[in-house]
Amino acid sequence: MRLTLIAAAALLAPSAGLAQQITAGQVDNFEGGTAANWTQGALGAPGVVTGGPTGTADHYIRITASGGFGAGSRLTVLNRVQWTGNYIAAGVTAIEMDLLNSGSSQLKMRIGFKSGQLQNDPGYSSTTAFDLDADGQWHHAVFPLSAGTMTAVGSPAAFDTFMTSVAEMRILHSISPDLNGDTISTVVGVDNIRAVAAPVPEPTGALAAAAVAAGLAGMFARRRRVGRVT
């Protein structure tokens with residue numbers, strides 16, 4: 001019996017080798033002093049510095065691109081841990097973040113999702129880029145997630161199917177929708193990466209009218225029951 005209980009506990013216990021799954025409302029604010037599993041590939045984790053949107057003590061990650069060729073030539077940072085999994089089941093409909101352009105050129109910031117970890121694995125990239133001016137100021141960017149706001153790169157599954165098993169999320173600069181980013185020499189700060197879930201919409205039009213009518217009918221029925229003499 002003791003061996004059976006130990007085996008059951010082992011099956012139920014979370015495994016350190018399993019990737020975390022996306023959850024609505026999760027946020028990476030880097031206040032723990034680490035890059036929170038974000039990496040620049042062969043360059044390793046980006047630096048964590050202070051001076052974020054809320055002041056001198058606010059931590060954020062600083063991404064550096066060198067331009068030219070080879071590792072670090074593109075402005076791309078990726079996550080293969082807590083930003084993977086089933087976005088549809090989690091109800092995540094947008095990703096928002098704060099961005100700082102410390103370079104000299106305007107950037108076209110996008111997010112991307114890949115089906116695997118190989119360079120040419122297909123996925124989706126933001127159709128419309130967030131224009132990040134080179135003004136040294138923090139800007140808040142929101143990237144909606146839907147078939148209408150994301151562009152297929154390669155030959156991925158249909159968007160709603162693909163987003164049930166994301167293997168990698170990326171933040172990058174690219175003139176056009178892409179998963180690898182463009183070559184550029186620049187420095188960008190990223191903070192407060194958040195998974196946003198859409199609120200349940202209020203009923204409108206005919207549905208709202210029907211709900212009001214049903215409520216009034218119920219109220220009158222209760223009044224008749226209360227006023228009845230037996």
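This is a guided tour of a predicted model, arranged as a series of selections to make in the viewer.

**The whole chain**

Begin with the complete protein in a cartoon representation. Four helices and 13 strands make up its secondary structure. Of its 230 residues, 35% count as buried. When contacts between residues at least 6 apart in sequence are considered, 75% of them join residues at least 24 apart. With a surface displayed, the exposed area is about 12500 Å², and carbon and sulfur atoms supply 58% of that area.

**Strands 3, 4 and 13**

Select strand 3 (residues 47–52) together with strand 4; the two pair in the antiparallel sense over five bridges. The connection between strand 3 and strand 4 is a hairpin through two residues. To check the register, display T50, which stands opposite H59 in strand 4.

Next, add strand 13. Strand 4 and strand 13 run antiparallel and are joined by six bridges. A convenient marker here is A65, whose bridge partner in strand 13 is T186.

**Strand 7 and its partners**

Move to strand 7 and colour its residues by accessibility. Seven of the eight residues of strand 7 are buried, so the strand is mostly covered. Which strands should be shown beside strand 7? Strand 12 pairs with strand 7 in the antiparallel sense over six bridges. Strand 8 (residues 123–126) also runs antiparallel to strand 7, with three bridges between them. Strand 9 (residues 130–132) is likewise antiparallel to strand 7 and joined to it by three bridges.

Three residue pairs fix the register of these pairings. K108 stands opposite D131 in strand 9. K114 stands opposite E168 in strand 12, and the bridge partner of K114 in strand 8 is G123.

**The nonpolar core**

Hide the cartoon and show the side chains of the largest nonpolar core, which has 36 residues. Those with the most contacts inside this core are Y87, I95, F113, L145, M169, I171 and I193. Two or more residues are contributed by each of strand 4 (55–66), strand 6 (92–101), strand 7, strand 10 (138–144), helix 3 (159–162), strand 12 (168–173) and strand 13 (185–197).

Centre the view on I193. With its neighbours within four places in sequence set aside, I193 is in contact with a list of residues that includes W38, W83, I95, M97, M169 and I171. Q26, V27, D28, F30 and E96 are also among the contacts of I193.

**Aromatic pairs**

The structure holds five aromatic pairs. Select W38 and W83: their ring centres are 6.4 Å apart and their planes lie at 45°, so the pair is tilted. W38 belongs to strand 2 (residues 38–39), whereas W83 lies in the loop between strand 5 (76–79) and helix 2 (87–90); the pair links distant parts of the chain, 45 residues apart. Both W38 and W83 are buried.

Then select Y87 and F113, an edge-to-face pair with 5.1 Å centre to centre and 70° between the planes. Y87 in helix 2 and F113 in strand 7 are 26 residues apart, and this pair also links distant parts of the chain. Y87 and F113 are both buried.

A further selection is Y124, F159 and F162, which form one aromatic cluster.

**N192 in strand 13**

Return to strand 13 and pick N192. Is N192 buried or exposed? Its relative accessible area is 19%, so N192 falls under the 20% limit and is buried. The side chain of N192 makes a polar contact of 2.8 Å with the side chain of D98. Beyond its neighbours within four places in sequence, N192 is in contact with V27, D28, N29, F30, P53, E96, M97 and D98.

**G181 in the loop after strand 12**

Finish with G181, in the loop between strand 12 and strand 13. G181 is buried, with a relative accessible area of 1%. Setting aside its neighbours within four places in sequence, show R74, T76, L172, H173 and S174, with which G181 is in contact. For a last distance label, join the C-alpha atoms of G181 and G112: these residues are 69 apart along the chain, and the atoms are separated by 9.8 Å.

Technical notes. Residues numbered from 1 in each chain as written. Predicted model: local features only at pLDDT ≥ 70, side-chain atom pairs only at ≥ 80, totals over all residues. Heavy atoms only, no water. Phe/Tyr/Trp six-rings, centres within 6.5 Å; stacked < 30°, edge-to-face > 60°. Buried < 20%, exposed > 50% of the residue type's maximum accessible area, 1.4 Å probe, protein only. Core = buried A, V, L, I, M, F, W, Y, C linked by side-chain atoms within 4.5 Å. Contact = heavy atoms within 4.5 Å. Pairing = 2+ DSSP bridges. Polar contact = N/O pair within 3.5 Å; in protein donor to acceptor, adjacent residues only side chain to side chain. Areas by Shrake-Rupley, 256 points an atom, 1.4 Å probe, with all protein chains shown as cover.
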